Amino acid sequence: MASITNSHYILLFLIFFTFIVFTLALDLSNVAAEAPDGLLPLSKKHVLIRNTVQNGQVLNIHCKSSEDDLGHIRLKHGDTWGFRFRVNMALTTRFRCHFWWYARDHLSHYSYWFDIFTVYRDDNPFGKYPICDECVWNMYELSENFICRINRDQSGWCFKMDREN
């Protein structure tokens, strides 16, 4: 008669654990109590960017990750644009965006780079900032150029963008 060894128990545990993780990561919208999205690999995210540049100019945006290039977007002042994605299994998802707009005189322009989503900052249960399933960003033109992640209660955190040289 065959006996079950420790390696069999380990294999069964790994199969069971993998099944549980993938089951929880599925979109179960009809289920009353879901596991929090931000704590699972493949969690759904929604990034929204609002053009709140103070000079009222069109905000040009080009966002991409290592897997997706979202193309060039022209966002009128006051308008919002967004995109949806899932965090990858390796928890390395990062979207980097290039923002640029013209001064009122249309002779000079402002050009900045910013990581609009990183797992370390935006999807880390032990991080400095709370997890965001819907990450809403406002562009601010101050003495230094900042972009701010805004909560539903209008509180938030502002980050300095990297100026393009």
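Look first at Lys 64, whose bridge partner in strand E3 is Asp 69. This is a predicted model, so treat the contacts described here as computed ones. The two strands around this spot are E2, residues 59-64, and E3, residues 69-75. E2 and E3 pair in the antiparallel sense, over five bridges.

Now widen the view to the sheet around this pair. Strands of a sheet pair through backbone hydrogen bonds, either parallel or antiparallel. Here five strands make up an open sheet, and the pairing is antiparallel. Walking across the sheet, you meet E3, then E2, E5, E6 and E10. Which strands stand at the edges? They are E3 and E10 (162-163), and because each has a single partner strand, one side of each is left without a neighbour in the sheet.

Next, follow the cysteines. A disulfide is a covalent bond between the sulfur atoms of two cysteines. This structure has three disulfides. One of them brings us back to the sheet: Cys 63 is joined to Cys 97, with an S to S distance of 1.9 Å. The link of Cys 63 and Cys 97 is right-handed, with 110 degrees about the S-S bond. Cys 63 sits in strand E2 and Cys 97 in strand E5, so this pair ties together parts that are 34 residues apart in sequence. Is Cys 63 buried or exposed? Cys 63 has a relative accessible area of 0%, so it counts as buried, and Cys 97 is buried with a value of 0% too.

Another disulfide joins Cys 132 and Cys 135, with the sulfur atoms 1.9 Å apart. Its torsion about the S-S bond is about 80 degrees, so this link is right-handed. Both Cys 132 and Cys 135 are buried.

There is also a disulfide between Cys 148 and Cys 158, again with 1.9 Å from S to S. Cys 148 belongs to strand E8 (residues 145-150) and Cys 158 to strand E9 (residues 156-160), so the bond ties together parts that are 10 residues apart in sequence. The surroundings of the two ends can be read from their accessibility: Cys 148, at 3%, counts as buried, while Cys 158, at 48%, counts as partly exposed. If you number the bonded cysteines in sequence order, the pairing reads 1-2, 3-4, 5-6.

Charged side chains make links as well. How many salt bridges does a search of the whole structure find? The search finds eight. In one of them, Lys 45 meets Asp 123 at 2.8 Å, N to O. Lys 45 lies in strand E1 (residues 44-50) and Asp 123 in the loop between helix H2 (119-122) and strand E7 (134-141), so the pair ties together parts that are 78 residues apart in sequence. Lys 45 also forms a salt bridge with Asp 133, where the closest N and O atoms are 3.1 Å apart. Asp 133 lies in the loop between H2 and E7, so this pair ties together parts that are 88 residues apart in sequence. Lys 45 counts as buried because its relative accessibility is 2%, whereas Asp 133, at 36%, counts as partly exposed.

For a last stop, return to the sheet. Asp 162 and Arg 96 meet in a salt bridge of 3.3 Å, N to O. Asp 162 is in strand E10 and Arg 96 in strand E5 (residues 94-102), with their positions 66 residues apart in the chain. Salt bridges that share partners join Arg 94, Arg 96, Asp 115 and Asp 162 into one network.

Key:
Residues are numbered from 1 along each chain as its sequence is written. This is a predicted model: local features need pLDDT of at least 70, side-chain atom pairs count only at pLDDT 80 or more; totals for chains, interfaces and linings use all residues. Side-chain values use heavy atoms; hydrogens and water are left out. Two strands pair if DSSP finds at least two bridges between them. Helices (H or I, at least four residues) and strands (E, at least two) are DSSP runs, numbered from the N terminus. A salt bridge is a side-chain nitrogen of Lys or Arg within 4 Å of a carboxyl oxygen of Asp or Glu. Buried means under 20% relative accessible area, exposed over 50%, partly exposed in between (1.4 Å probe, protein chains only). A disulfide is a pair of cysteine sulfur atoms within 2.5 Å.
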